[in-house]
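Hello,

Here is the structure I promised to pass on to you. Have a look at it first, and then read on for my notes on what turned up.

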Amino acid sequence: LMSGDAINLAYYENSDLVQSAIVTSGAALRIAAEKGSVESVLHADNIEIGMAPDGSTLTSLNARDHVVFDLSTAQGQPAKKVTSNSLVASGTAGQGLTAASFTEGVEYSEIGGAPPIKRTVTSRTLDTSLKGGLGKMQEATFIGSARFRDDEGTQAAGSTMRYNMESGGVVLTGAAGEPVPRVVNAQIQVDATNIEMNVEGSKMR
């Protein structure tokens, strides 16, 4: 479901099936979720989408300026959100969207749930694989000065941070000429070229 001050549609030749759409000025795209989950919602100043010949499968998506993406989550799970200034997603007619890249001032957050948590990750870029749709992220890779923090006082930093949203696994890696990855909390400080940890519920281990 698309909304905005102006929507321009293009159709496949000799068909009423939508080939592409451009939504401007307060654009929003709502993506249906599985039963028992909250829908995904994408907001941006401008959104452009491309559709497969079936007229319903998204194969490309570009969002620009003030991008805010609320991910689909199951009832009772933490709310997940990505903000940036640009989003580019691509895929195929057979699989739908398979990859997405958020750039320019990326911030990812997880807030709420039971027990309640608050986690934030910032970086220059967030690359993610998708399960056939923008609301179905499997793993996020934060690239460029990745910084993690939570409300328990844990802080982590590395050139790259890979986060598995399903298992809670986190891998921090460094790059030549940049500071060594670091994890700090109330008990320990770890500095290493490669750090693996897991965030589960309100705890890190």
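A good place to start is Asn14, which sits in the loop between strand 2 and strand 3. Please keep in mind that this is a predicted model. The phi angle of Asn14 is near 55°, a positive value in a residue other than glycine. Is Asn14 buried or exposed? With a relative accessibility of 78%, Asn14 counts as exposed, because the cut-off for that class is over 50%.

Asp65 also has a positive phi, about 75°, although Asp65 is not a glycine. This residue belongs to strand 5. Its relative accessibility is 24%, so Asp65 counts as partly exposed.

Strand 5 brings us to the pairing of the strands. Strand 5 (residues 58-70) and strand 6 (residues 79-92) run antiparallel and are joined by nine bridges. Within this pair, Ala63 stands opposite Leu87 of strand 6. Strand 6 also pairs with strand 7 (residues 96-112), again in the antiparallel sense, over 12 bridges. Here Ser86 has Thr103 of strand 7 opposite. What joins strand 6 to strand 7? The link is a hairpin through three residues.

After strand 7 comes a loop that leads to strand 8 (117-132), and Pro115 lies in that loop. You may want to zoom in there: the peptide bond joining Ala114 and Pro115 is cis, with omega about -5°.

Now to the inside. In soluble globular proteins, nonpolar side chains tend to be buried together. The largest nonpolar core in this model has 44 residues, and those touching the most other members are Leu42, Leu61, Leu87, Phe102, Leu134, Phe142 and Met161. Strand 3 (residues 18-31) gives the most to this core, with six residues. Leu87 is thus a name you will have met already, as the residue opposite Ala63.

Which residues does Phe102 contact, leaving aside its neighbours within four places in sequence? They are Val67, Phe69, Val82, Ser84, Ser86, Leu87, Arg124, Thr125, Leu126 and Met137.

Finally, the outside. Ile7, Leu9 and Tyr11 form a nonpolar patch on the surface, and together they have about 270 Å² of accessible area. Ile7 is part of strand 2 (residues 6-11). Ile7 counts as partly exposed, because its relative accessibility is 38%.

Happy browsing, and all the best!

Key:
Residues numbered from 1 in each chain as written. Predicted model: local features only at pLDDT ≥ 70, side-chain atom pairs only at ≥ 80, totals over all residues. Heavy atoms only, no water. Pairing = 2+ DSSP bridges. Helix = DSSP H or I, 4+ residues; strand = E, 2+ residues; numbered from the N terminus. Core = buried A, V, L, I, M, F, W, Y, C linked by side-chain atoms within 4.5 Å. Buried < 20%, exposed > 50% of the residue type's maximum accessible area, 1.4 Å probe, protein only. Contact = heavy atoms within 4.5 Å. Patch = residues over 30% accessible without salt bridge, like charges linked within 9 Å, V, L, I, M, F, W, Y side chains within 5 Å. Areas by Shrake-Rupley, 256 points an atom, 1.4 Å probe, with all protein chains shown as cover. Salt bridge = Lys/Arg side-chain N within 4 Å of Asp/Glu carboxyl O.
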